[in-house]
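Welcome! Here is a short briefing to help you find your way around, taken topic by topic.

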Amino acid sequence: MRLLRLFPCFAVLLCSQFVFAQPAATVPSQISGHDAVLLGTAWYPEQWPESRWDEDLRLMEAANIKVVRITEFAWSRMEPSEGHYDFEWLDRAIALAAKHHIVSVLGTPTATPPAWLTLKHPEILRVEQDGQRVTHGNRAHASAASVIYRDYCSRIAEQMAARYGKNPNVVGWQIDNEYGYALMSYDDETRGQFRQWLKAKYGTLDNLNTRWTTAYWSQTYDDWNEIPIPIGGHNPGLMLEWKRFVTTTWTDYQRNQIDVLRAHVEPRQFITGNFMGFFDGFDHYTITEPLTFAAWDDYVGTGHLDPVSNGLSHDLTRGFKRENFWVMETQPGMVNWSKLNNFLNKGEVRVMAWQAVAHGADEVGYWQWRSALNGQEEYHGTLVGADGTPVPLYEEVSQIGREFSATQEALHGTAPVSDVALLYSYDSHWAIQSQKHTEKYDDIGLLKSYYGALRKLSQSVDVISAKAPLRSYKLVVAPSLNVLPKDVADHLLEYAHDGGHLVLGPRSGMKDEFNGLLPQRQPGYLVDALGARVEQFYALRKMSRCPGRGGRARPAFGRSSWDPWRPIRRSCSVTARAMDGWTVSPPWSRVATGKGESLMLLLFLMRN
């Protein structure tokens, strides 16, 4: 049976109490026949003489490392010239790892096209916003929208899948690497695809002009070719649709590889991608849909572990597919790309590993095993030094490996189960980012403030899409659903009417799905159910205390502390007070909704 994985706030020890749920076979991130929770690392055998491989793998085995991710940057080694493939070295690397009881995850190498390809087809290189085409020699320098590039990506992925899709020592696949940071090419091909995408969605220019209110500032379009790619500030409808198009582009780019993989690989081999927490380049709920499970790269950068922020990112990743996940990369002590690349404290890497497991991670992998002797990331943390001997952190990671191995029976078939859900929306985030009203407003900070407060009350919190099933939750909190179309509003109301408890945060229900203002006052389609509406919002210049017991609000957005409510139902609780000469109400409204309850809190929840 599948069990409940329990964990106290920020603790690293697992509780021994479990409740039964569903069969263990439904945990896709746990590999059948292997440990429930795996320790891993990123290994690059193509960068080292083959005579060195056995020693590296011996050291990995001694540290209880059970999985290596390989090949995600090895395109030029696997296809040294067009159509000529060399996989014999990779056959030997996978087989040698297996002799040391280490399985392999193969990464499709499409983040780094080889030089022969970019020389033959320079048009696949991305064009930046300033019109300059990038050069070969970095990563993520090809255009995800390029039909030519996608064809080459499909070819190399298919060759790999045909060779390793039934290899018993290959357990899964990673698509690309961090999805090119969602970088787009500002070239004619991408521009043309964007316009065709808009045409397919809106049908007519009259419809598009109406939805975007292009009569404002004489923006009206009479030809699809007049529509630009937005750079900088622009029409809110155009800006939101561009972000959605970016999501579609990368989803299609990913699907191009997934289709050829699934045509060759055994069902036991998973397909995932490594994401980056609250990176907002595309809608992760959409792009993770066809994956077996989600994975992410957990880095602190400058400073030290913030368990609330890091826990929130873990729970966000788990919520993409509402399943356990992998930490495909995490830092072995330090990184090289931050402003100040300090080393984590002794024991902090271990804390991070166990926090990941407590939040649902079934693998924790360190980037990287050993640094290449040249290249852009020479100073990044590793487990083995440039001389090939273990660095001091190796012992701490070995301890993690021993602890993982000792807890397999308790962890097998387990997953966090939550009574509380936080709703997150990329549409709402993008809409707010383009029209913040005050530079101090931080919608991710708002989400974190609610998450931190809820984690003190609940052992586990799911962070999920506003469109996800809600029936299983006792409490659903939507801190910042700025874009709230009718179908989502109806979904929330159904939950509340059926006995759920719904909490809305500031800036909820202002926009429709086209990033236009709703004709209703806030919270839009929920006004009638809530029994009150927002009369006016204010941007505050300093911290303001909320009425009640010790409440405080950040100077982020007026509605985060003082939103004058107008009650439109007698059962709605609203009390007036004055602020700067204006009669305003406290930052909440509460009303019974069917069998449940709706509450709107227009404030930040401060940690102290």
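**A quick tour**

Strand 14, helix 16 (residues 486–497) and strand 15 together form a right-handed β-α-β unit. Please keep in mind that this is a predicted model. Besides that unit, the tour takes in an open sheet of nine strands, helix 6 (residues 188–202), and two buried residues, A529 and H314.

**The β-α-β unit**

- The two strands of the unit are parallel: four bridges link strand 14 (residues 475–478) with strand 15 (residues 501–504).
- To see the pairing for yourself, look for A478, which faces L504 in strand 15.
- Between its first and last C-alpha, helix 16 covers 16 Å with its twelve residues, close to the 16 Å expected at 1.5 Å a residue.
- Buried residues of helix 16 are V488, A489, L492, L493, Y495 and A496. Because these residues take up an arc of only 155° around the axis, they lie on the same side of helix 16.
- After helix 16 comes G499, which has a positive phi, near 115°.

**The open sheet**

- Nine strands make up this open sheet; their order is 6-5-4-3-2-10-9-8-7, and the pairing is parallel.
- Strand 6 (270–272) and strand 7 (274–275) are at the edges; each has a single partner strand, so one side of each has no neighbour in the sheet.
- Inside that order, strand 2 (residues 38–42) and strand 3 (residues 67–70) run parallel and are joined by three bridges. One position to look for is A42, which is opposite R69 in strand 3.
- Helix 12 (residues 393–406) lies across strand 2 and strand 10 (361–366), and its direction makes an angle of about 145° with strand 2.
- As background, the strands of a sheet pair through backbone hydrogen bonds, in either a parallel or an antiparallel way.

**Helix 6**

- Helix 6 has 15 residues, which at 1.5 Å a residue should span 21 Å, and this agrees with the 21 Å between its end C-alpha atoms.
- Which residues of helix 6 are buried? They are T190, F194, R195, W197, L198 and Y202. Their arc around the axis is only 160°, so they sit on the same side of helix 6.
- On the other side of helix 6 you will find D188, Q196 and A200, which are exposed.
- The cover over the buried residues of helix 6 includes helix 7 (205–212) and helix 8 (236–262).
- G203 follows helix 6 and has a positive phi, near 80°.

**Two buried residues to visit**

- A529 belongs to helix 17 (residues 527–530). With a relative accessible area of 14%, A529 counts as buried, since the cut-off for buried is under 20%.
- A529 and A496 are 33 residues apart along the chain, and 9.5 Å separates their C-alpha atoms. A496 is also one of the buried residues of helix 16.
- H314 is located in helix 10 (residues 307–321). Is H314 buried or exposed? H314 is buried, and its relative accessible area is 0%.
- What is H314 in contact with, leaving aside its neighbours within four places in sequence? Its contacts are W296, D298, F325, V327, Q355, A356 and H359.

How values were computed: Residues numbered from 1 in each chain as written. Predicted model: local features only at pLDDT ≥ 70, side-chain atom pairs only at ≥ 80, totals over all residues. Heavy atoms only, no water. Pairing = 2+ DSSP bridges. Contact = heavy atoms within 4.5 Å. Axes fitted to C-alpha atoms, helices over the stretch in contact; angles between N-to-C directions. Right-handed = clockwise from strand over helix to strand, strands pointing away. Expected span 1.5 Å × (residues − 1). Buried < 20%, exposed > 50% of the residue type's maximum accessible area, 1.4 Å probe, protein only. Arc of directions from axis to C-beta.
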